[in-house]
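User: Hi! I am new to protein structures, and I would like to work through this one with you. Could you help me read it step by step?

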Amino acid sequence: MKLKPILLIIIIFVLASQTYALGIAPSSSDVIFEPRLEKTIQIKVINNVHKDFDAVVYAEGTLAEYITIENPTISLSKDQDSKIISYRLNLPKKLKKQGIHEAKIVVREIPKKTKGGTTITTAVAIVSKLKVIVPYKGKYAEIKLFVTNFKQNKESNFAVEVINLGTQDILEAKAVIDIYGPLNNKLETITSDKTSVKSKDKEILTVKWTPRLGSGSYHAVATLLYDDLNTKDEKSFTIGKLKLDIVSISVTGFKLGGIAKFDILVENDWNMEIPGVYAETTVKDDNGKIYTQFKTASADIPDFGKQELNAYWDTAKVIPGAYKFDIILNYLNQKTEKVFDIIVEYDKITATLVGKVISAEEEEKPALVKSVYILIFLVVILIIFNIFIYFKKIRK
Amino acid sequence: MNNTKAFAGIGILFLSLIVLSQFSNSSLSCNVVTTCSYTDIFHISDETNAHAELANNSNYNYKICCNDTDGLDIGNSCSGYYNTLLHLSNQTNAHAELNNESNYNFDICISSTDSFFNCSYESGCSSYETCIASVSGSTNAHVGNCTDYTTKICCNITANNTAPTIIANATSPINVYTNTDWKLNLTVTDPDSEDTITAYAQFYVNGTSSGSLHSLVVTNGTNTNVANLLSSTFNKGATLIAEFWAGDATENTTKYNTTEVTVLNSPPSQVILSYPENDDQFFTNRTPRFNWTAATDADNDQLTYQIQVSLNPDVSGPLTNETGVSNEYYIQPLELDFAIYYWKVRANDSEEYGEWSDIWNFTLVPSVSIIVTQDTINFGTMTQFEVNDTTNNQPAPFELENDGNTEANISVNSTSLWTSSLAQLNTSYYQFKADNSTESNSFDWVNSQIIWANMSDFYKSIIGTLNHTDSKDLAEIDIKVEVASDEPPVAKSAVLTFQAEES
């Protein structure tokens with residue numbers, strides 16, 4: 001019975017901290033003007049936190065007078081992910097100004113009742129913009145550059161969407177794409193085939209490209225040359241995948257019982273410096289028992305360069321033998337992990353990447369095995385020595 | 001039991017009919033004539049109670065004359081294919097004896113080069129036999145026409161057998177896969193139209209016989225599917241041969257082999273797309289996970305997939321062209337720009353590709369979606385001149401998250417909070433500003449309201465360009481309130497509206 005009030009408090013708390021949310025798609029739509037164009041446009045109201053709510057829908061802006069909202073009030077229940085609503089666009093015979101005319105379709109949540117004290121309650125309104133573009137006199141094109149994640153030496157495509165927003169047809173258009181490196185140095189230029197684009201029409205120009213450049217971030221600037229005019233768009237893109245590699249680890253000047261310094265060599269195959277790289281290291285045995293964990297200092301790894309990170313291990317209580325050295329590199333919200341087998345001996349630590357075959361020259365008996373041999377040898381010597389002492393005493 | 005007997009009876013009757021049918025068409029015709037236009041077998045001195053002479057003698061006028069209505073060759077030679085009808089005591093003016101006697105040395109024979117005779121002594125010739133003549137006893141006998149004596153010489157002629165011929169053989173299909181049976185068709189002809197023709201086939205997979213011998217009775221001259229090798233008996237790369245021949249129960253053809261075929265790789269099945277749904281006009285995920293159902297492969301080969309995503313309806317000039325995808329999905333690594341996308345997928349079994357899937361499309365549209373992580377700020381009961389704000393997190397500020405797929409501008413307005421005439425909207429008694437949240441750099445600091453601004457009943461910009469990437473899409477909205485000197489001590493409330501639109 002005592003649980004009931006607690007439950008009630010929890011429910012009130014949950015309700016009190018309710019989130020408010022609303023989404024809309026598309027958040028913008030483009031329509032090319034045509035006299036007396038009549039068109040029904042749909043938009044999707046998204047109930048992204050799944051709650052019951054009511055909302056009003058209205059239009060505002062210079063084109064509001066040409067818009068009729070079919071359902072000015074809407075209700076969504078918590079079971080509904082979304083709701084499609086419509087509005088009717090009835091354009092006039094003429095819009096004086098060429099270019100973009102805008103209206104906003106606003107979906108505004110009707111707020112719930114407010115509470116006591118000095119309270120400020122929120123409501124959310126979202127906007128779907130309608131852009132009516134009156135074609136420009138003469139020739140006028142806009143372009144949009146589409147890029148992809150390229151791979152080295154593998155052909156892929158840039159795409160340039162050309163929209164003719166002029167009143168005249170474009171007789172000849174071609175896209176020229178300049179590719180720039182991180183230092184804004186132009187590296188390559190590629191060109192599309194030529195095409196023509198009718199007024200108010202759209203064309204896609206595809207430009208094939210096989211990157212012969214190193215992995216990294218690049219920038220593409222597309223220029224559309226059309227009937228002695230031009231227009232541009234630009235985008236950044238990548239070739240390959242950003243990834244740091246742990247090339248090797250080594251330990252120099254080691255004596256068992258002292259501090260072992262691990263030099264972790266990290267390679268950056270990207271065309272930009274990777275800042276703030278650090279490693280988290282863990283030494284454990286085959287049973288998973290952890291002996292030490294260490295976080296290295298951060299370092300910036302130069303583009304296409306290598307850099308050492310240093311990890312340390314106090315081996316005061318460490319016995320010679322085989323261990324695992326786990327390295328996790330952290331950089332730009334990414335991680336690279338590698339595990340090395342390490343053999344700790346009295347005067348050295350050797351490391352091998354897990355799974356890598358050790359060459360004949362490298363193949364040595366583990367230190368632990370060596371130690372066992374030494375111990376057996378000492379025990380045998382001791383036994384012989386004791387027998388010798390024993391017989392000596394008997395003789396006496 | 002009765003049924004069994006009945007069936008047995010019917011079977012015997014049926015067999016008898018078959019046997020009879022073999023002989024009922026006996027085409028041999030023999031008569032006693034004085035002028036023989038056909039084959040003269042031997043001569044007799046009279047139609048009854050006569051002596052006999054060999055055909056190469058000419059002392060008697062009555063001739064036993066035979067012919068075959070089917071045109072089979074008939075002779076009187078006692079070499080080659082022949083039957084001895086009688087022994088004579090002499091070349092002419094002779095007594096006769098049956099051929100199982102051995103007193104006389106002159107033989108009367110009936111022969112053929114293209115058929116064989118079956119002759120016997122009967123008391124009466126059956127319907128499938130032809131009577132040649134009759135004799136009075138077993139030796140030292142007289143000869144007469146067929147009505148004269150009770151011992152008749154009955155013969156029947158059967159044409160020599162001709163082996164069937166396989167005039168056509170074909171296997172199908174031309175390209176054999178592990179999910180198709182391999183069929184053998186034969187066309188066999190036999191000039192002996194009465195013969196029952198049986199075709200035989202034995203399949204070999206990789207040189208080893210597969211299954212038992214197939215046999216099938218076929219129609220003369222008709223192309224017949226004789227046997228099938230089931231697809232379950234062979235794998236990709238296997239070599240297939242069929243050995244075949246035909247027989248007519250008397251004679252078989254030689255054995256032949258078909259041309260060897262190799263079982264080809266079966267391409268994977270056509271992929272069926274599942275997500276993003278076809279023709280989705282309101283698709284908002286800019287890094288979608290393209291899903292499809294797994295293709296199948298008759299050879300059970302491991303499959304990978306190729307996906308192409310393009311702006312063109314025929315998926316030409318693809319922006320994404322990934323091969324070797326080992327899962328039944330592909331996650332778009334970089335954000336797609338807003339456009340209509342067309343995509344298709346096909347499977348590969350390391351030897352060849354299957355058919356492309358249907359082309360699906362979706363329209364990636366910009367979406368603005370705002371989440372306010374709490375619906376209310378409660379400053380509690382406030383007294384005259386008291387000032388409070390949310391910068392110290394007591395009470396906590398509003399937090400705004402951009403849950404859409406594009407950058408958003410946020411503006412804010414509010415209803416009036418205070419009743420005091422001094423503290424109406426657009427005064428410092430009720431203010432707002434934007435601030436960093438735990439996800440710093442989520443918005444354009446320069447173009448946002450980061451110092452206190454008076455709240456208004458019309459929308460005022462508060463955040464410029466709020467990011468939409470998950471790690472940087474959260475901003476704080478601080479509220480500051482101050483109680484005017486003449487504010488009555490009653491509960492106050494206002495409704496603050498955040499309006500979000502695409503940047």
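Analyst: Happy to! Let us begin with a term: rings of Phe, Tyr and Trp (its six-membered ring) pair if their centres lie within 6.5 Å, and planes under 30 degrees apart count as stacked, over 60 as edge-to-face and the rest as tilted. This is a predicted model, where local features need pLDDT of at least 70 and side-chain atom pairs count only at pLDDT 80 or more, while totals for chains, interfaces and linings use all residues. Residues are numbered from 1 along each chain as its sequence is written, chains are lettered from A and ligands numbered from 1 in the order in which they are written, and side-chain values use heavy atoms, leaving out hydrogens and water.

User: How many aromatic pairs are there over all chains?

Analyst: We apply the ring rule just given to all chains. The count comes to 25 aromatic pairs.

User: What kind of aromatic pair do A:Phe150 and A:Trp209 form?

Analyst: A:Phe150 lies in the loop between β10 (141-146) and β11 (156-164) of chain A, and A:Trp209 in strand β15 (residues 202-209), so the pair ties together parts 59 residues apart in sequence. Strands here are DSSP runs of E with at least two residues, and helices are runs of H or I with at least four, numbered from the N terminus. The ring centres are 5.1 Å apart with 75° between the planes, which makes the pair edge-to-face.

User: Is A:Phe150 buried or exposed?

Analyst: Buried means under 20% relative accessible area, exposed over 50%, and partly exposed in between (1.4 Å probe, protein chains only). A:Phe150 has a relative accessible area of 1%. Its partner A:Trp209, at 3%, counts as buried. A:Phe150 is likewise buried.

User: What is the strand order in the open sheet of three strands?

Analyst: Two strands pair if DSSP finds at least two bridges between them. The pairing in this sheet is antiparallel, and six bridges join β10(A) to β11(A). The edge strands, each pairing on one side only, are β10 and β15 of chain A. The order is β10-β11-β15.

User: Which residue is the bridge partner of A:Glu142?

Analyst: Strands of a sheet pair through backbone hydrogen bonds, either parallel or antiparallel. The partner of A:Glu142 is found in β11(A). That partner is A:Ile163.

User: Which residue of chain A meets B:Asp337 in a salt bridge?

Analyst: A salt bridge is a side-chain nitrogen of Lys or Arg within 4 Å of a carboxyl oxygen of Asp or Glu. B:Asp337 lies in the loop between β25 (329-331) and β26 (340-348) of chain B and its partner in strand β10 of chain A, so the pair joins two chains. B:Asp337 counts as buried at 17% relative accessibility, and its partner as partly exposed at 22%. At 3.9 Å, N to O, the partner is A:Lys144.

User: How far apart are the closest N and O atoms of A:Lys194 and A:Glu172?

Analyst: A:Lys194 sits in the loop between β13 and β14 (195-197) of chain A and A:Glu172 in strand β12, 22 residues apart. A:Lys194 counts as exposed at 53% relative accessibility, whereas A:Glu172 is partly exposed at 42%. Their salt bridge has its closest N and O atoms apart by 3.6 Å.

User: Which ring does the charged end of B:Arg346 sit over?

Analyst: A charge sits over a ring if NZ of Lys or CZ of Arg is within 6 Å of the ring centre and within 35 degrees of the ring normal. The charged end of B:Arg346 is 3.7 Å from the ring centre. The ring belongs to B:Tyr353.
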